[in-house]
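Colleague: I should like to learn how to read the features of a structural model. May we take them in turn?

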Amino acid sequence: MDEKPPSSLPFPTSLCHRCAAPPKYVQTKTSTFILCPLLPQKYPPQPVLRCPLFRPKDPERK
């Protein structure tokens, strides 16, 4: 598991990339999965366009 996003974001429109949760990226040879630490369904279908637990990242944090 990797804490930071891959160089090329999978599902670029997904809210997960902009969430303060923060997501974890799980990569295999052929796929990238986005693990959410908040949702009971840990790997939501992508792209996530709406999420009741979404909180935007603090713009000052990178």
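Colleague: How many residues form the hairpin connection that joins β1 to β2?

Modeller: Strands here are DSSP runs of E with at least two residues, helices are runs of H or I with at least four residues, and both are numbered from the N terminus. Two strands pair if DSSP finds at least two bridges between them. In this case a hairpin of 4 residues leads from β1 to β2. Strand β1 covers residues 24-27 and strand β2 residues 32-35; they pair in the antiparallel sense over 4 bridges. One of the bridge partners is T32 in β2, which faces Q27. The protein has 0 helices and 2 strands.

Colleague: On what conventions do these values rest?

Modeller: This is a predicted model, in which local features need pLDDT of at least 70 and side-chain atom pairs count only at pLDDT 80 or more, while totals for chains, interfaces and linings use all residues. Residues are numbered from 1 along each chain as its sequence is written, and side-chain values use heavy atoms, with hydrogens and water left out.

Colleague: Which backbone angles deserve attention?

Modeller: Most residues other than glycine have a negative phi, and most peptide bonds are trans. Here, the bond between A21 and P22 is cis, with omega about -20°, and P22 lies in the segment before β1. A cis bond also leads from Q46 to P47, where omega is near -5°; P47 belongs to the segment after β2. F11, a residue other than glycine, has a positive phi near 50° and is placed in the segment before β1.

Colleague: Why does F11 count as partly exposed?

Modeller: Buried means under 20% relative accessible area, exposed over 50%, and partly exposed in between, with a 1.4 Å probe and protein chains only. F11 counts as partly exposed because its relative accessibility is 33%. Of the 62 residues in the protein, 26% are buried.

Colleague: Which residues make up the largest nonpolar core?

Modeller: A nonpolar core is a set of buried Ala, Val, Leu, Ile, Met, Phe, Trp, Tyr and Cys residues joined through side-chain atoms within 4.5 Å. The largest one comprises 5 residues, namely L15, C16, Y25, I34 and V48. Contact, more generally, means heavy atoms within 4.5 Å. Neighbours within four places in sequence aside, C16 is in contact with P23, I34, Q46 and V48.

Colleague: What joins the side chains of Q46 and S14?

Modeller: A polar contact is a pair of N or O atoms within 3.5 Å; within protein, one must be able to donate a hydrogen and the other to accept it, and residues adjacent in sequence count only if both atoms are side-chain atoms. The side chains of Q46 and S14 form such a contact at 2.7 Å. Q46 itself is found in the segment after β2. With neighbours within four places in sequence left aside, the contacts of Q46 are F11, S14, C16 and I34.

Colleague: How should K42 be read: buried, partly exposed or exposed?

Modeller: K42 is partly exposed, because its relative accessible area is 36%. This residue is found in the segment after β2. Apart from neighbours within four places in sequence, K42 is in contact with I34, L35, C36 and P37. The C-alpha atoms of K42 and P23 are separated by 9.9 Å, the two residues being 19 residues apart along the chain.
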